[in-house]
Amino acid sequence: GNAAVIIVGAIGGTYITKRLLEVSAIGLALFFASAGIALSLIINYYLLRGALRPIDALQRMVERIDRGDTTVRASLDEIDDPQLQGFAQSLNRMLARLAAHTRMIETNRAQLKQLSGRLLGAQEDERKRIARELHDDTSGSLARVLLNVELCEELVPAEAQELHAKICETRSLCEQTLDGLHKIIFDLRPSLLDDLGLAAAIHWYAQNSLTPAGVQGKFLVPSHFERLA
């Protein structure tokens with residue numbers, strides 16, 4: 001088998017050599033010139049492809065950054081050109097500073113949210129305290145004053161019309177003041193918030209604010225709406 005291969009190879013080599021000798025010198029020169037040009041183009045193609053590979057990688061990196069990906073980094077080991085290496089290093093440093101700045105912004109945002117929550121909590125506690133004091137102290141005192149005025153109204157003789165009128169006027173003033181105080185208390189901290197929750201409190205507030213102004217409203221609450229803290 002090996003002898004047959006050697007014989008076939010020898011015959012083929014002899015035939016190719018004979019054919020090349022039969023070709024004219026001009027044709028042989030053109031053949032080698034064309035082969036040299038083709039080989040040069042192939043070598044230049046691969047060299048150019050290798051040289052442009054880092055640029056293509058940097059271009060893809062820039063495109064990812066443009067889409068919002070700041071975690072990408074340029075691989076310096078794959079870049080041989082000093083200028084491109086410098087550009088890649090600058091790009092990596094810029095991305096590192098951007099990531100640090102983004103983390104700082106997120107931290108500041110979280111701290112601001114936490115401080116805002118504390119401030120709102122403190123405001124809510126203060127409103128609740130003031131509303132409770134108004135309800136327990138001031139409102140109770142006015143209720144007792146109103147009760148005394150009503151008792152005085154019953155004790156005043158009917159013939160003392162002027163005094164009776166003053167007492168009626170005082171009673172009406174006490175009732176208006178007590179109603180106004182109740183409105184202030186509910187505006188500060190509706191007891192419905194603690195008793196029935198936010199949805200019921202908003203419903204009540206809308207009805208008591210819009211209806212007197214002649215505005216008709218429709219209040220809808222989603223079925224999945226749960227009681228909030």
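A nonpolar core is a set of buried Ala, Val, Leu, Ile, Met, Phe, Trp, Tyr and Cys residues joined through side-chain atoms within 4.5 Å. The model discussed here is predicted.

**Cores**

The largest such core has 11 residues. Among them are A131, L134, L142, L146 and V149, along with I167, C174, L178, L181 and I185. Two elements, α3 and α4 (161–188), each give two or more residues to this core. A second core of 8 residues is separate, and its members include L58, L84, L91 and L95.

**Helix α3**

Helix α3 covers residues 82–155. Its 74 residues should span 110 Å at 1.5 Å a residue, and the end C-alpha atoms lie 106 Å apart, so expectation and model agree. The helix still bends, by about 35° at L134. L134 is also a member of the largest nonpolar core.

**S139 and its surroundings**

S139 sits in α3. Is S139 buried or exposed? Its relative accessibility is 6%, so S139 counts as buried, the limit being under 20%. Which side chain makes a polar contact with that of S139? The partner is H182, at 3.2 Å.

The table lists contacts of two α3 residues, leaving aside neighbours within four places in sequence.

| Residue | Contacts (heavy atoms within 4.5 Å) |
|---|---|
| S139 | L134, L178, L181, H182, I185 |
| L134 | S139, L181, I184, I185, L188 |

S139 and L134 thus appear in each other's rows. L181 and I185 are listed for S139 and for L134. Both L181 and I185 belong to the largest core.

How values were computed
Residues are numbered from 1 along each chain as its sequence is written. This is a predicted model: local features need pLDDT of at least 70, side-chain atom pairs count only at pLDDT 80 or more; totals for chains, interfaces and linings use all residues. Side-chain values use heavy atoms; hydrogens and water are left out. Helices (H or I, at least four residues) and strands (E, at least two) are DSSP runs, numbered from the N terminus. Buried means under 20% relative accessible area, exposed over 50%, partly exposed in between (1.4 Å probe, protein chains only). A polar contact is a pair of N or O atoms within 3.5 Å; within protein, one must be able to donate a hydrogen and the other to accept it, and residues adjacent in sequence count only if both atoms are side-chain atoms. Contact means heavy atoms within 4.5 Å. The expected span of a helix is 1.5 Å times one less than its number of residues. The bend at a residue is the angle between axes fitted to the seven residues ending there and the seven starting there.
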